[in-house]
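Okay, thanks everyone, I'll keep this short. Let me put the sequence and the structure up, and then we'll go through the charged pairs and a few other spots.

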Amino acid sequence: MNIPFKKWNTYLGIALFALASLVYLLTMERHLSFWDCGEYIVSSAKLGVTHAPGAALFQIIGAVWASLAFGDGTNYALAINSMSAISSGLTIMFLFWTITHFARRMFFVTKPNEFVENAFEFSLSKSQSIITLGSGLVGAAVFMFSDSFWFSAAEGEVYAMASLFTAVLIWMGCKWEEEKDERRANKWFLLISLFIGLSTAVHLMAILAVPAVCYM
């Protein structure tokens with residue numbers, strides 16, 4: 001008997017987001033690290049200017065999160081750090097969905113030269129679904145607790161949000177691949193173009209996802 005893959009894929013992605021966000025919120029810094037974090041926290045709270053090339057979108061979103069401090073300057077770091085924690089939790093969710101997308105592709109074509117039209121509409125068997133979802137869980141969990149990513153998730157820096165934009169860009173490329181034969185599939189191209197522009201206003205590392213998206 002087949003299991004409802006799409007439903008489990010959605011629920012497990014959301015569950016990973018909740019788990020990752022909880023872990024990062026519980027372990028995040030309550031103040032700041034003595035490097036660029038202080039600069040980004042203050043410039044976000046006061047809409048100031050950071051070092052070149054700047055991070056305008058990060059600061060605008062950070063200003064919204066800083067409003068949760070209700071004018072108490074001692075809580076600005078807490079608010080901006082929590083923004084990084086939530087951004088990192090969302091990154092894990094999109095990473096899970098990206099892994100399951102590629103893992104699921106292994107089961108569509110069984111013959112070397114067989115072309116399967118609308119392959120993503122094919123249902124997976126129970127064992128195939130377990131393998132696909134298990135691959136996503138393991139991959140996302142390993143990245144969730146990796147040293148570098150956990151550090152960026154716990155402090156008020158641009159790398160957590162830049163990782164989120166990178167994950168979203170790759171995920172949108174996967175969504176286009178799923179719907180490429182549909183009438184309005186090119187809407188994903190427009191969204192990808194928009195997010196590439198937005199990502200440069202956080203950190204230029206996010207555009208590293210562009211070659212991967214173009215390859216797909």
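**Salt bridges first**

So, start with Glu 177, which makes a salt bridge with Arg 105, and the closest N and O atoms there are 3.0 Å apart. That pair ties together distant parts of the chain, with Glu 177 in helix H7 and Arg 105 in helix H4, 72 residues apart. Glu 177 counts as buried because its relative accessibility is 12%, while Arg 105, at 30%, is partly exposed. Before I go on, remember that this is a predicted model.

How many salt bridges does a search of the whole structure find? It's 3. Another one is Arg 104 with Glu 178, closest N and O atoms 2.9 Å apart. Here too the pair links distant parts of the chain: Arg 104 sits in helix H4, residues 76-105, and Glu 178 in helix H7, with their positions 74 residues apart. Arg 104 is at 12% relative accessibility, so we call it buried; Glu 178 is at 26%, so that one is partly exposed.

Then there's Lys 175, whose side chain meets Glu 178 in a salt bridge at 3.7 Å, N to O. Those two are both in helix H7, 3 residues apart, or about one turn of the helix. Put the shared partners together and Arg 104, Lys 175 and Glu 178 become one network.

**A glutamate without a partner**

Now look at the loop between helix H6 (147-153) and helix H7 (159-179), where you'll find Glu 155. This one is buried yet has no salt bridge, and the nearest side chain of opposite charge, Arg 30, is 12 Å away. Why no salt bridge for Glu 155? The cut-off is a side-chain nitrogen of Lys or Arg within 4 Å of a carboxyl oxygen, and Arg 30 is 12 Å off. What Glu 155 does have is a polar contact of 3.1 Å, side chain to side chain, with Ser 33. Beyond its sequence neighbours within four places, its contacts include Glu 29, Trp 35 and Asn 81.

Ala 154 is in that loop between H6 and H7 as well, and it's buried, at 10% relative accessible area. Leaving out residues up to four places away, Ala 154 touches Thr 27, Met 28, Glu 29 and Asn 81.

**And on the surface**

Last stop: Leu 191, Leu 194 and Leu 198 make a nonpolar surface patch, with about 220 Å² of accessible area together. Leu 198 belongs to helix H8, residues 187-199, and at 31% relative accessibility it counts as partly exposed.

Conventions:
Residues are numbered from 1 along each chain as its sequence is written. This is a predicted model: local features need pLDDT of at least 70, side-chain atom pairs count only at pLDDT 80 or more; totals for chains, interfaces and linings use all residues. Side-chain values use heavy atoms; hydrogens and water are left out. Patches are made of residues with over 30% relative accessible area and no salt bridge: like charges are joined within 9 Å, nonpolar side chains (Val, Leu, Ile, Met, Phe, Trp, Tyr) within 5 Å. Accessible areas come from the Shrake-Rupley method with a 1.4 Å probe; for residues, only the protein chains shown count as cover. Helices (H or I, at least four residues) and strands (E, at least two) are DSSP runs, numbered from the N terminus. Buried means under 20% relative accessible area, exposed over 50%, partly exposed in between (1.4 Å probe, protein chains only). Lys and Arg count as positive and Asp and Glu as negative; His and the chain ends are not counted. A polar contact is a pair of N or O atoms within 3.5 Å; within protein, one must be able to donate a hydrogen and the other to accept it, and residues adjacent in sequence count only if both atoms are side-chain atoms. Contact means heavy atoms within 4.5 Å.
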